[in-house]
Amino acid sequence: MREFASPEVAPAPPPAAALPARGEGAPLAVLSFVTVVWAVNFPVAKFAVGQIPPIPLTMIRVGIATLAYAAFLAGGKWRTLLTREALLAVLPLAALGIVANQLLFIAGLDRTTPARSAIVVALIPACVALLAHRFLGERLNRAKWIGIGIAFIGVSIVEIPALRESMSTRYLVGDGITLLAVFAFSSYTVLAKRALPTLGPLVAMAGCYIVASVLLLPLVPTAIANDWGRVTMKGWIALAYMATAATVFAYLGHCWALSRIESGRVAVFTCLQPVLAGLISWGFLHEPLPAPLLAGGAVVLTGVALVQRG
């Protein structure tokens, strides 16, 4: 319950909309970090998948992350996962958020551009908001609906120039596969909200990756058969970034924030990724920075601000 200062003792505090709710500063800061890491991951993953096919790339990424999370569980914390309830909780999270999401994301990115992929991924907030409203009972007030709508208008402004270009079948297939990844990750986000109070962020993510590694075992022969000799040093660095920064730290940060604020608020940060991905491509890949990207970015930021204040 919000506390108000007595006017006889102290001046009234700033309006609630001007600042994040008490205790939300740290989660919002972590989400900002996660957003930047995942935005960088679009061009990095595009480069990596040019040298490593989607299945071997996903398996190595998940394998490295699994080892890291297993190390985090040293000291007996892993025993928390050895219950029927814990395994039933992490199984759908692993299948949707790790296996399906990461395989589909890489497969889609292999057939489209980083900017287009990021734009499709920006649909996650709407999917999460609707699923959370339906299954978790999270309230969607007018401000949140307006904020999400404005954010998507901003994404549309960024996307309009791409829609005017000649759309090849390969791009359409890639965008469609990425859309399936969006549905998988949105479902994972809502399911994780239910599992986190019991397991906690670290145990939940470790369990997800351990189970995901088991689910990916049938694909081991495909990974072994890959021509690893053609992977350059830059390719290995890109893979290392995907496995550590974009998987271990970003997923754990996302999960930690999800345990502290509404899933709809967590997901809306995804709207910033297309803008950041474009800025990163401009700075490091020297791609042009058109006016629609700048205008769309401003609109997206406005929408995100409204959702935070809702």
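Student: Which residues of H2 are buried?

Tutor: In this predicted model, the buried residues of H2 are Pro54, Pro56, Leu57, Thr58, Met59, Arg61, Val62, Ala65, Thr66 and Tyr69.

Student: What do the buried residues of H2 pack against?

Tutor: They pack against helix H1 (25-49), helix H3 (84-109), helix H8 (201-215), helix H9 (220-224) and H10.

Student: How do you know that the span of helix H2 agrees with its number of residues?

Tutor: Helix H2 covers residues 54-72, which is 19 residues. At 1.5 Å a residue, helix H2 should span 27 Å. Its end C-alpha atoms are 27 Å apart, so the two values agree.

Student: What pattern does the protein chain follow along the sequence?

Tutor: Read that way, the pattern is α-α-α-α-α-α-α-α-α-α-α-α-α. The protein chain has 13 helices and zero strands.

Student: Why is proline 53 called partly exposed?

Tutor: Start with its place: proline 53 is in the loop between H1 and H2. Its relative accessibility is 32%. Buried means under 20% and exposed means over 50%, so proline 53, at 32%, counts as partly exposed. The C-alpha atoms of proline 53 and aspartate 110 are separated by 8.3 Å, although these residues are 57 apart along the chain.

Student: And what makes asparagine 101 buried?

Tutor: Asparagine 101 has a relative accessible area of 11%. The cut-off for buried is under 20%, so asparagine 101 is buried. Asparagine 101 is found in helix H3. Leaving out residues up to four places away in sequence, asparagine 101 touches Leu96, Ala181, Ala184, Phe185 and Tyr251.

Student: Why is proline 201 called buried?

Tutor: The reasoning uses a value of 18% relative accessible area. That is under 20%, so proline 201 is buried. Proline 201 is found in helix H8, and residues touching proline 201 include Leu196, Leu252, Cys255 and Trp256. The C-alpha atoms of proline 201 and glycine 253 are 8.5 Å apart, with their positions 52 residues apart along the chain.

Student: How much of the protein chain is buried?

Tutor: Buried residues make up 47% of the 310 residues.

Student: Which residues have the most contacts inside the largest nonpolar core?

Tutor: They are Trp38, Leu57, Tyr69, Ile98, Met205, Tyr209 and Tyr251. This core has 77 residues, and its largest share, 11 residues, comes from helix H10 (residues 233-258). A second, separate core of five residues includes Leu140, Ile148, Phe152 and Val307.

Student: What does isoleucine 98 touch?

Tutor: Not counting residues up to four places away in sequence, isoleucine 98 touches Val62, Leu93, Leu103, Met205, Cys208, Tyr209, Ala212 and Tyr251.

Student: Which residues form a nonpolar patch on the surface?

Tutor: Met233, Trp236 and Ile237 form it, with about 340 Å² of accessible area together.

Student: Is isoleucine 237 buried, partly exposed or exposed, and how do you know?

Tutor: Isoleucine 237 has a relative accessible area of 52%. Exposed means over 50%, so isoleucine 237 is exposed. Isoleucine 237 is found in helix H10. Isoleucine 237 and valine 44 are 193 residues apart in sequence and 9.2 Å apart in space, C-alpha to C-alpha.

Student: Why is tryptophan 236 called partly exposed?

Tutor: Tryptophan 236 is found in helix H10, and its relative accessible area is 36%. Partly exposed lies between the 20% and 50% cut-offs, so tryptophan 236 is partly exposed.

Student: What makes leucine 179 partly exposed?

Tutor: Apply the cut-offs again: leucine 179 has 29% relative accessibility. That value is neither under 20% nor over 50%, so leucine 179 counts as partly exposed. Leucine 179 has its place in helix H7 (residues 169-199) and touches Val120 and Leu123, not counting residues up to four places away in sequence. Leucine 179 and alanine 122 are 9.9 Å apart in space, C-alpha to C-alpha, and 57 residues apart in sequence.

Student: What share of the accessible surface belongs to carbon and sulfur atoms?

Tutor: The share is 70%, out of about 15,000 Å² for the protein chain.

Methods. Residues are numbered from 1 along each chain as its sequence is written. This is a predicted model: local features need pLDDT of at least 70, side-chain atom pairs count only at pLDDT 80 or more; totals for chains, interfaces and linings use all residues. Side-chain values use heavy atoms; hydrogens and water are left out. A nonpolar core is a set of buried Ala, Val, Leu, Ile, Met, Phe, Trp, Tyr and Cys residues joined through side-chain atoms within 4.5 Å. Buried means under 20% relative accessible area, exposed over 50%, partly exposed in between (1.4 Å probe, protein chains only). Helices (H or I, at least four residues) and strands (E, at least two) are DSSP runs, numbered from the N terminus. Contact means heavy atoms within 4.5 Å. Accessible areas come from the Shrake-Rupley method with a 1.4 Å probe; for residues, only the protein chains shown count as cover. Patches are made of residues with over 30% relative accessible area and no salt bridge: like charges are joined within 9 Å, nonpolar side chains (Val, Leu, Ile, Met, Phe, Trp, Tyr) within 5 Å. A salt bridge is a side-chain nitrogen of Lys or Arg within 4 Å of a carboxyl oxygen of Asp or Glu. The expected span of a helix is 1.5 Å times one less than its number of residues.
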